[in-house]
Amino acid sequence: MPVNSGDTTWILISSALVLLMTPGLALFYGGMVQRKNLLSTIMMSFVSLGLIGILWVCYGYSLSFGSDNAGFIGGLNFLGLANVGQEPSPVYASTVPHLAFMVFQGMFAVITVALMTGAVVERIKFSAILVFSVLWLTVVYSPVAHWVWGDGGWLASFGALDFAGGAVVHINAGVSALALVLLLGRRRGFPQQTMGPNNVPMIVLGAAILWFGWFGFNAGSALASDGLAANAFVATNISAAAAAVTWLIISWIHRRPTIVGTVTGAVAGLVAITPAAGFVLPMNGIPIGIVAALVCYYSMLLLKEKYHLDDSLDVFGVHGIGGIWGALATGIFASLAINPAGADGLIMGNGMQLLKQLVSVLAVGGYAFGVTWVLGKLVDVTIGLRVRQAEESVGLDLSQHGERAYGGLLR
Amino acid sequence: MKKIEAIIREEQLEPVKKALEDNSYFGMTVSEVSGRGRQKGITLQWRVGEYRIDLLPKLKIELVVLDEDVPVVVDAIVRNARTGETGDGKIFILPVDGVVRVRTGDKDKDAI
């Protein structure tokens, strides 16, 4: 098909929007940690832009979207961007240059790796997270992306729906983060000591950039500048708003309405609508967002306060749980009337889709957890995942990076 | 009356506070400080040599208590701030000439 300039414009802009989400995430996370670990937290997100940015074009794209191997992984036909040029791909986003589709997808890989780092802040060794990221992109992200979005990927053929990465990005990162948290152990002082946040306005700025960029993430995944993109755009905004307000209300009833809670709610809503945005009626963003806030809020309480799990920045609590709800919500609210390339869900009388979504949740979650555990263990026994006690005490900014976030002689 | 100034690790604040509370000592002032002991900060190993961090972040807890309470308070702090690693901190005990409660004007023993 010929290149459509409207579609191409939108995909390129969306790629830039999704790119911006990674530094946005860096700020969102950065504001939450103790000041002595602010730079380290930002660094782990930002470095993904460089590291994954290169690996993606070298081989990541090929493994994810290359020619199929038994539905499990792509081939090497796109190695080093071979066969990825200005002409559209015959299979993916056939009205935009192949390069545009590839770079759009690359931004997703970048941010997925960055997302995970939120769980291991304030105690992970920098070299360890770098090595782990390379392994994880290769062995976890690429296969899962292939299953869900690859041409011939088994979950795609099976009929599981994931519009913009509820499974590929959020469940993947969230569950993998859980495995890392269990391997790594708690921060010293957790849970007795309140640790952070060091800069709440920074958290809000980061969340705002995430919300803004998410329009590229979800509406860009329509891979066209059309009604479906508009549908996804609006559904995204509605879900974010509904979740933010719900979080505000439940935290007010429970304790106090905080800005950190409200923006976390918005993020939960954005996560949940991600797999659904191009398959559901935008107004369904309201129930999807409301439930996202509820399940994420109470999961986080349970995990942190009851089980003392130090998922420091709630990667599993928001992205894992939110992504799982989003995948299931897609199975509930999907409608062929919205997107003929999708499916009908439970409310349209097709309960089977919900089951398919559950299968994808279990498959992606199980694989991500298991393989991450193995990779994490591997890195731990070779390099070591955790910094030494003295390094953790003085903070990672100084011990890992030799940098101070804010000037001044003392602190 | 004596003033107890305790320099402790940041992450030990909660256990120390709790131990003092359990012994009914509630009044205190906490400040963020930087300091070092005899080791002149800490030396971290880089691949190509050493990197020294001179002044390390700590917390200072100050409280004024009656003379007879000093041993209990010092013991509570030591037991809960100690990790066994270099950098656990120090406690200084100073004499206090007088104490006044601002709200009521109560003096000395009545103001503690």
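How many helices and strands does chain A have? Select chain A and show it as a cartoon. Chain A has 14 helices and two strands. Keep in mind throughout that this is a predicted model.

**Stop 1: the whole of chain A**

Zoom out. The radius of gyration of chain A is 20 Å, close to the 22 Å that the globule rule gives for 411 residues, so chain A is as compact as a globular protein of that length. Turn it along its principal axes. The C-alpha atoms fill a box of roughly 60 × 50 × 35 Å. Of the 411 residues in chain A, 62% are buried. Now think about contacts between residues at least 6 apart in sequence: in chain A, 76% of these join residues at least 24 apart.

**Stop 2: the largest nonpolar core**

Select Phe28(A), Tyr61(A), Tyr141(A), Phe217(A) and Ile288(A). These have the most contacts inside the largest nonpolar core, which has 128 residues. Stay on Phe217(A) and show its neighbours. Leaving aside residues up to four places away in sequence, Phe217(A) touches Val18(A), Met21(A), Phe104(A), Phe108(A), Ile111(A), Ala164(A), Val169(A), His170(A) and Thr274(A).

Apart from this core lies another, of 18 residues. To find it, select Leu13(B), Leu20(B), Ile61(B) and Ala76(B), which are among its members.

**Stop 3: the second largest cavity**

Next, look for empty space. Rolling a probe the size of a water molecule over the atoms shows where empty space is left. The structure holds four cavities of 30 Å³ or more.

Go back to Phe217(A), which is one of the residues lining the second largest cavity. Add the rest of the lining: Met21(A), Leu25(A), Phe28(A), Ile111(A), Leu115(A), His170(A), Leu210(A), Trp214(A), Val267(A) and His319(A). Colour helix H1 (5–30), helix H3 (98–116) and helix H7 (200–219) of chain A; these are the elements that give two or more residues to this lining. The space inside is about 60 Å³. Which classes of residue make up the lining of the second largest cavity? Nine are nonpolar, two are polar and none is charged.

**Stop 4: the largest cavity**

Now select Gln34(A), Lys36(A), Asn37(A), Glu122(A), Arg187(A), Arg188(A), Gln193(A), Met195(A), Glu392(A) and Ser393(A). Add Glu11(B). Together they line the largest cavity, whose volume is about 100 Å³. Colour the lining by class. Six of its residues are charged, four are polar and one is nonpolar. Set that beside the second largest cavity, with its nine nonpolar residues and no charged ones.

Conventions: Residues numbered from 1 in each chain as written. Chains lettered and ligands numbered in written order. Predicted model: local features only at pLDDT ≥ 70, side-chain atom pairs only at ≥ 80, totals over all residues. Heavy atoms only, no water. 1 Å grid on protein atoms, 1.4 Å probe; cavity = no way out; pocket = protein on both sides within 12 Å on 5 of 7 lines; lining within 4 Å. Points joined across faces, edges and corners; volume = space filled by probe spheres on them. Nonpolar A, V, L, I, M, F, W, Y, C, P; charged D, E, K, R; others polar. Helix = DSSP H or I, 4+ residues; strand = E, 2+ residues; numbered from the N terminus. Core = buried A, V, L, I, M, F, W, Y, C linked by side-chain atoms within 4.5 Å. Buried < 20%, exposed > 50% of the residue type's maximum accessible area, 1.4 Å probe, protein only. Contact = heavy atoms within 4.5 Å. Rg over C-alpha atoms; globule rule 2.2 N^0.38 Å.
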